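Please look through the sequence and the structure shown below before reading on. The report that follows takes up the parts of each chain, and the contact between the chains, in turn.

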Amino acid sequence: MSRKQRIKKGVDIRLSGRPADTVISAPSASVYAVKPPDFTGVTPKLNVRVGDIVEAGTCIFYDKKTPSVQFLSPVAGTVKDVVRGAKRRILAVEIQASDKNTHKDFGVLEVHTSDKNAILTRVLEGGMFPFFRQRPFDVVANPMDSPRSIHISGFDSSPLAASTSVALDGRVSDFQNGVDALAKLAGESGVHVGVQSNDSTLAGLRNCEITEFEGPHPSGNVGVQIHHTAPLSKGEVVWTIGYQDVANLGAMLASGHYVPTKVVAVGGSECAMPQHVKTLAGASISSIVNVPEKASNGDSVRVVSGSPLTGDQISKEDYIGSYHTAIALLAEGSEPKFLLTEGWLGMGLQRFSLNHSFPTWLMPKAKEWDLDTNMGGEERAFVVTGEYEKVFPMDIYPQHLIKSIIVNDIDSMEKLGIYEVAPEDFALCEYGCTSKIPVQQVVREGLDNLRNELG
Amino acid sequence: MKALHQLIESVKPHFEEGGKLSKFWVVFDSLETFSFTPGHVTKSGSHIRDGIDLKRTMFTVIVALIPALLFGTWNIGDQYYASIGQDAELLEKMFVGALKVIPLIIVSYGVGLGIEFYFAAKRGHGINEGFLVSGMLIPLVMPIDVPLWMVAVAVAFAVVIGKEVFGGTGMNIVNIALTSRAFLFFAYPKQMSGEIWIHDVASSKAAGLLVDGNTGATALGYLAGTVGKVIDTPATQTVMNMFADGGMFSIQNCIIGSIPGSLGETSVIAILVGAVILISTGIGSLRIMASFLAGGLLMGFLFNLIGMNAFMTLAPWHQVVIGGFMFGMVFMATDPVTAASTNTGKLIYGFLGGFLSIMIRVFNPAYPEGVMMAVLFMNVMAPMIDHYVLQANINRRQKRLQNI
């Protein structure tokens, strides 16, 4: 029997260009990349040099602090370049794919007859471990920890997200195999899967506790689901992993090959054909979607790897982010807006607002919105209170937590529940913030500070 | 609008660093961002953003204040002509009112914004929009015949000591508009009492023009006079008759607002129109307003039960429509910076605010404007209320920790 949980606070922002429920396979890209900065908390140590020949599954780099955490090449080919930024920080390792894809063979592992150690070892060498993230701190998990439980959000509720039924089409048995493996890794609280209430894709799962979530975004955020199933306390560690990565994990254990399949939702107002695209982790944007030169409003086009609420702004020559399963093409909004027409004093018919001084709340719920990347104002001090609470479905006071982070008051952060949150949980707070505070950045910095402080 | 934007862009270099007018960058910047929402785009985090900003929020409050402002302007004229026993047309009344109101607004905004610009330039940040509302609230809580220089001093005090020393908009502890009013009340007690509530009442009196029985006092002024006296004396009876049906301060007159008082506080109807605007846009807190009203009504009801003097016997619903109660409830107590910031805290804060407003005005006739004192007091107490609300949340979390 699955539990039901209704999330009341939050909001679904219906952006135009929602991906259709069709999947096409992307043509194989010529260049793939693994991007170390995606893996928060990892210090990359290169294992290859430019010009080295690699197989799919060859270790490209590993974590300096925990060398067993390895990051593998998604395809066979040649190491083309190591892109470095300021202070020689590694931004990406590019792999030129060869015509013939060969896989490093890790051997088949029967999950039911293996113990925890055998599975963990295989997950580490099979390159699936970097996809585990931990709470607290929302960083790549540490294989030395024994997590209290492992949490999987079975759906993405953010705007323009991939649909579970499309992404896991034909892969439910892989997913089950992954869950069986996770059940052996997890501690006494086991594996928790949050599923969308009207979606039956994951209904028949065994070996885990299923909670049906109903309600608007952020009901699909794993942090919200943890809070409503088994809240995290100081000193506890839980692991989280994306649902597509669970399927990849299951497939890797069953086949012995590292094949990081991704079904990416491609959408947004500037996307000509919003749909799902099947590709591999690290694929180039150009192999997944055609980015138009100019947006419909005459401005340039922004490519967002990930959700428009939490993703990274990347160039169209870049590669999809390691944890991302969506690409959004949005119009930039760099044109100043006259106060009475589209500016701060306008009617605001074209703005989706959480505030009732805009007519959004009077319009039909089904309306789809074309939103550009304009800030809609300038950053100010906190003035308004109570607006974060409306879109933050946890028993935490978001604004007070943010303030304690801004003043770096570690004692208050701990007391106010920082261990339970990740930047993505604050995405809607940031969206609707009157004072335009960069809330997600504040949370990320707070988590990093706290992590450094605690050693 | 392209032309206007090009004009702004063309003069911009003069104000930028190194330009001739770079000292006035803050002024230029605020005018530019006033006329055009800037083309700033998001960099990370949420790539799309809500259109709401502080300018729109503050402007909504100003819109909500307009009914009270217009009614107050008319009421100045109405009270003036009534005090000298003359009839006048609507426009004549508005004209008399405008002669008082416009200079008040100019002084309030002029002094306040001048100081804001100075501090913004000094600190090198943009103008915060907070004073747009404070600058409108200040005239609305002033007595009609207050000298303009006093307003200027009060605004300067409120903005510098009430706000800027704490770090500017969003950092202040007590409400700016009420700080200015309290400053006048304590710094110039003599000038702030007596014949200032009706335009020119002092000179009308001297010229012998004043209608019999009109002393120019407010409802609270009359009621304060009854405290400490036995209920059944003829003097208190006269006062209480003014509050009965057909009297000068009948409940009907108080709700319409054609009574003497501060500029914006008299008309309950005009204030409630503003309240509807604030509540429907979600910019004013319904929690605070509702609990404030509940607190005031409860205190009024308790006083009814005690009934020691005439003031206490006034019906609770009459208590809340006289003086600044309604204005304070809708526009002062709801100031998000100085009110409690947690939802539970807002209920407690509002309730105690309303409760104390009525208590102070009845218990201490020297402070008839109990609302001002109560809201300022609750402003100071708001962080403590929030502290306990947060502590309850923290305790819940720690209890969970002990259970594992």
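## Domains of chain B

In this predicted model, the domain assignment divides chain B into domain 1 (2-35), domain 2 (54-187) and domain 3, which is made of two stretches (219-259 + 285-393). The centres of domain 1 of chain B and domain 2 of chain B, taken over C-alpha atoms, are separated by 28 Å. Where these two domains touch, five residues come from domain 1 of chain B and five residues from domain 2 of chain B. The side of domain 1 of chain B that touches domain 2 of chain B consists, by class, of two nonpolar residues, one polar residue and two charged residues.

## A buried methionine in chain B

Helix α16 of chain B, which spans residues 325-332, contains B:Met326. B:Met326 counts as buried because 30 other C-beta atoms lie within 10 Å, where the cut-off for a buried residue is 20 or more.

Leaving aside residues up to four places away in sequence, B:Met326 touches B:Val268, B:Ile271, B:Val320 and B:Val321. A further pair can be given by distance: B:Ile269 stands 57 residues from B:Met326 along the chain, and the C-alpha atoms of the two are separated by 9.7 Å.

## The contact between the chains

Chain B gives 54 residues to the contact with chain A, and chain A gives 62 residues to the contact with chain B. On the side of chain B, the elements that supply two or more residues are α2 (25-35), β1 (36-37), α3 (54-83) and α18 (370-403) of chain B. Of these, α18(B) gives the most, with seven residues. Sorted by class, the side of chain B that touches chain A holds 17 nonpolar, 28 polar and nine charged residues.

Strand pairing also links the two chains, for strand β21 of chain A (residues 337-338) is joined by two bridges to β1(B), and the two strands run antiparallel. Within this pairing, B:Thr37 in β1(B) is the bridge partner of A:Lys337.

## Domains of chain A

For chain A, the domain assignment gives domain 1, again in two stretches (3-12 + 107-255), together with domain 2 (28-104) and domain 3 (375-455). Between the centres of domain 1 of chain A and domain 2 of chain A, taken over C-alpha atoms, there are 25 Å. Their contact takes ten residues from domain 1 of chain A and eleven residues from domain 2 of chain A. On the side of domain 1 of chain A, the elements that give two or more residues to this contact are α1 (116-125) and β11 (139-140) of chain A, and by class that side has six nonpolar, two polar and two charged residues.

## An open sheet in chain A

Three strands of chain A form an open sheet in the order β4-β6-β7, with antiparallel pairing. Because β4 (44-46) and β7 (70-72) of chain A stand at the edges and each has a single partner strand, one side of each is left without a neighbour in the sheet. From one strand to the next, the twist averages 30°.

The pairing of β4(A) with strand β6 of chain A (residues 59-63) runs over three bridges, and the two strands are antiparallel. A:Leu46 stands opposite A:Phe61, which belongs to β6(A).

## Helix α1 of chain A

Helix α1(A) has A:Ile119, A:Arg122 and A:Val123 as buried residues. Seen down the axis of α1(A), the buried residues fall within an arc of 100°, and they therefore line one face of the helix. In general, an α-helix has 3.6 residues a turn, so residues three or four places apart point the same way.

Among the elements that cover the buried residues of α1(A) are α3 (172-185) and α5 (243-255) of chain A. Just after α1(A), A:Gly127 takes a positive phi of about 75°.

## A covered strand in chain A

How many of the six residues of strand β13 of chain A (residues 191-196) are buried? The count is six of six, and the strand is described as mostly covered. On one side of β13(A) lie A:Val191, A:Val193 and A:Val195, and on the other lie A:His192, A:Gly194 and A:Gln196, so that both faces are covered.Two strands of chain A pair with β13(A). Strand β12 of chain A (residues 149-153) pairs with β13(A) in the parallel sense over four bridges, and here A:Ile152 stands opposite A:Val193. Strand β14 of chain A (residues 209-214) also pairs with β13(A) in the parallel sense, over five bridges, with A:Thr211 in β14(A) as the bridge partner of A:Gly194.

Definitions and conventions. Residues numbered from 1 in each chain as written. Chains lettered and ligands numbered in written order. Predicted model: local features only at pLDDT ≥ 70, side-chain atom pairs only at ≥ 80, totals over all residues. Contact = placed C-beta atoms within 7 Å. Nonpolar A, V, L, I, M, F, W, Y, C, P; charged D, E, K, R; others polar. Pairing = 2+ DSSP bridges. Domains from an automatic or database assignment. Axes fitted to C-alpha atoms, helices over the stretch in contact; angles between N-to-C directions. Buried ≥ 20, exposed ≤ 12 C-beta atoms within 10 Å, placed from the backbone. Arc of directions from axis to C-beta.
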